[in-house]
Amino acid sequence: DGVVVSEKVKSNNIDVKIPKSELEAEEKGAEEEHPRESDSNILDVSSDYPRDKHISIQRHLADLEKLADLRGDERKPCPLCPEEKFKACYSHKLHRHLQNLHWKVSVEFEGYRMCICHLSCRPVKPNLVGDQTLSKMGAHYHCIVCSATIVRRTDMIGHINRHVNKGETESRFNTVRAPKSSYKVVKESATDVQVLPNHSTPQKTDSYFNPKMKLNRQLIFCALAVLAGERKPIECLDAFGATGIMGLQWAKHLRSSVKVTINDCNENSVTMIKENCLLNKMKVKLNIREEDSDETVGNGEENSDTIEVTKMDANVVMHLRSFDFIHLDPFGSSVNYLDSAFRNVRNLGIVSLTSTDISSLYAKAQHVALRHYGCNIVRTEYYKELAARTVIAAVTRAAARCNKGIEVLLAVALEHFVLVVVRVLRGPTPADDSAKKVRYLIHCQWCEERVFQKEGNMVEENPYQQLPCDCYGSMPGKTAVLLGPLWSGALFNTGFLRRMLLEAVQYGLDEAQSLLKTLVCEAECTTPKHLSTHSPGDENKQEECGVYIRTPNTSAESYLVHGKRKSEEVLRSTAKRQRPEHSAEHPPFYYNIHRHSIKGMNMPKLNKFLNYLSEAGYRVSRTHFDPMGVRTNAPLAQFKTVLMKYSTPTYMGAQAEGPVHLSAEIQVGEEVLAATAVKVEEAELVDKPGVATTVFTQSYPSHCAAD
């Protein structure tokens with residue numbers, strides 16, 4: 001333990017003697033990654049940075065003095081300041097300088113002090129001249145965890161707190177790749193991938209892996225499996241590979257049906273993708289743009305599947321090649337890659353994108369949503385569906401610029417992401433049809449009633465007349481706000497969702513099955529018990545995008561002829577003639593039953609309330625956007641009327657008498673609803689609560705007037 005190892009510190013050319021035991025402890029806790037991204041106050045460390053901790057990070061003040069004592073001069077310089085800033089002086093002045101200028105303003109972390117450093121570790125803006133300005137702007141701190149340099153002390157404290165909140169408390173002082181023994185192997189859907197120790201922190205690792213996005217990966221896999229059943233083989237691209245787990249799952253389960261390309265612009269991520277491919281016994285075909293010749297890695301004796309790995313910008317790879325399936329999952333918004341994605345995607349191909357910038361999409365940062373998506377949104381009760389329609393509107397405009405239209409197959413908005421899957425339709429006519437579905441939304445801020453603006457370019461004298469509510473006449477001031485532009489079409493394709501559900505059952509994707517069942521009910525706007533199941537003959541008649549799609553009981557030769565525009569036009573015209581008349585889109589948006597509850601009343605159970613609305617003649621279903629949301633075509637006034645009718649008082653005095661009268665009223669109402677037509681029922685439901693209120697007010701004015 002008493003052995004001392006001499007190390008050369010490059011920043012100040014000082015020989016530092018550090019105990020060997022301390023060096024071993026530091027090397028044991030060292031990690032390999034440096035920050036992937038840096039903000040304005042953080043600078044990443046270059047590859048030639050010393051592998052030991054910086055000299056400004058010490059445990060005691062005496063350790064800083066020892067750094068200067070190693071020199072034999074009588075006048076001793078400061079080890080943390082350049083000579084032009086602080087000239088050499090005697091020991092008592094040096095002690096006071098180190099204590100007042102460096103030690104008192106240090107930041108403490110796990111027994112270490114990160115002192116302020118004035119050396120030329122951080123570049124200074126060239127327009128700043130003068131020794132005082134240079135020395136002032138050159139002051140910075142060195143992070144003990146990630147080796148970043150930070151200017152302000154408050155920013156350094158916040159930076160360390162973020163490391164603690166993310167569980168990164170081990171110090172790492174080197175920037176080289178970690179040994180394979182430090183990797184962690186994660187298994188998901190029968191696919192093994194090795195990840196880095198800090199894989200869950202996107203800004204501090206080159207290979208980000210989020211276990212919470214498992215459901216997102218399963219939905220994308222089901223969509224690709226459905227497309228693989230239509231035509232084989234298909235070329236698919238994972239534009240942001242990271243660890244490569246998504247592309248590995250595609251190739252491992254779909255085998256020869258797909259030709260997988262995994263792309264990433266980071267060299268460390270490409271290396272890890274290649275290692276993960278070999279871990280899953282896949283052949284790797286490297287197609288790195290900087291190299292002239294391709295490289296194939298792997299013996300391929302046990303498995304002949306080959307995955308192509310590219311190292312280039314996502315926009316570049318999508319400009320250079322054409323794909324049938326493209327998935328975009330950048331860190332944040334996907335709008336910067338939409339033009340490239342739709343430029344070379346093949347006709348009837350699929351583009352899926354995952355947006356994780358939920359702060360802007362969920363109306364927490366409205367100015368960011370306006371900047372990225374060109375859309376004005378506010379926080380509403382249906383904000384998640386608003387986010388999905390915002391993303392689809394941006395996708396529609398990007399596709400229209402390439403003379404291509406879209407059909408939305410799937411739109412999911414959950415806690416961590418917004419997933420949109422669209423099918424691409426080539427031609428100016430589908431592009432125009434899709435662009436017409438991008439409209440503005442009129443939203444009432446008092447009652448949260450909403451309606452899409454009517455088509456046409458003529459300016460209306462009073463746009464408030466389009467709203468079903470009368471808040472504009474009864475409330476002071478302006479009551480409505482204009483949101484958008486938003487996608488006004490359907491968010492789901494029922495036939496595609498049903499086939500995704502079959503693929504989820506076939507591959508045992510349990511998490512995706514429950515969500516897909518909810519999506520099918522939501523697409524048909526029906527409750528689970530009324531969910532219709534198609535027979536094999538009915539499934540064969542399904543059509544999407546005006547083109548017949550092959551199902552398991554049909555053959556490719558019967559419906560699909562690839563590469564011929566004339567055959568596609570024949571299929572389109574045939575599909576238009578045989579399109580079912582009863583197919584109707586689901587109602588846009590939903591209502592939250594808690595948001596519109598009546599004060600002092602107990603609401604009915606959600607499933608019972610759905611039955612009440614259905615018995616009143618309205619289409620109704622639950623929604624995945626909100627666990628307490630109800631998607632229905634009933635106007636808000638009728639929604640509140642039915643909710644008030646079947647609610648019961650909360651106070652104890654009415655529990656003995658209230659339910660008796662309410663149940664009798666419900667029975668009478670059901671008899672009337674069963675004996676009359678649907679239009680008459682709607683009129684009676686508006687008038688009936690008023691009659692019931694008059695009767696109960698006369699007999700029980702104390703507790704039944706609200707009914």
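Two strands count as paired when DSSP finds at least two bridges between them; strands (E, at least two residues) and helices (H or I, at least four) are DSSP runs numbered from the N terminus. The model you see is predicted: local features need pLDDT of at least 70, side-chain atom pairs count only at pLDDT 80 or more, and totals for chains, interfaces and linings use all residues. Residues are numbered from 1 along each chain as its sequence is written, and side-chain values use heavy atoms, with hydrogens and water left out.

**Exercise 1.** Find the partner strand of β13 and describe the two faces of β13.

*Solution.* Start at residues 283–286, which form β13. Next, look at β15 (residues 306–310): 4 bridges join it to β13, and the two run parallel. Within this pair, Lys285 stands opposite Glu308 of β15. Finally, sort the side chains of β13: Val284 and Leu286 make up its covered face, while Lys283 and Lys285 make up the uncovered one.

**Exercise 2.** Work out the strand order of the sheet that contains β25, β27 and β28.

*Solution.* The sheet is open, has 3 strands and reads β25-β28-β27, with antiparallel pairing. β25 (591–592) and β27 (620–622) each have a single partner strand, so they stand at the edges with one side left without a neighbour in the sheet. Now check one pair: β25 and β28 (residues 629–632) are antiparallel over 2 bridges. There, Asn592 has Gly629 in β28 as its bridge partner. Then add helix α21 (residues 606–615), which packs on the sheet and touches β27 and β28 (contact means heavy atoms within 4.5 Å).

**Exercise 3.** Is Cys375 buried or exposed, and which residues does Cys375 touch?

*Solution.* First locate Cys375 in the loop between α12 (366–373) and α13 (383–401). Its relative accessibility is 1%, so Cys375 counts as buried (buried is under 20% relative accessible area, exposed over 50%, partly exposed in between, with a 1.4 Å probe and protein chains only). Leaving aside residues up to four places away in sequence, Cys375 touches Ala369, Leu370, Thr390, Gly484, Pro485 and Leu486. As a last step, compare with Leu361: the two are 14 residues apart in sequence and 9.7 Å apart in space, C-alpha to C-alpha.

**Exercise 4.** Which residues touch the most other members of the largest nonpolar core?

*Solution.* A nonpolar core is a set of buried Ala, Val, Leu, Ile, Met, Phe, Trp, Tyr and Cys residues joined through side-chain atoms within 4.5 Å. Among the 112 residues of the largest one, the answer is Phe342 and Met500. Helix α6 (residues 214–230) gives the most to this core, 11 residues.

Methods:
Axes fitted to C-alpha atoms, helices over the stretch in contact; angles between N-to-C directions.
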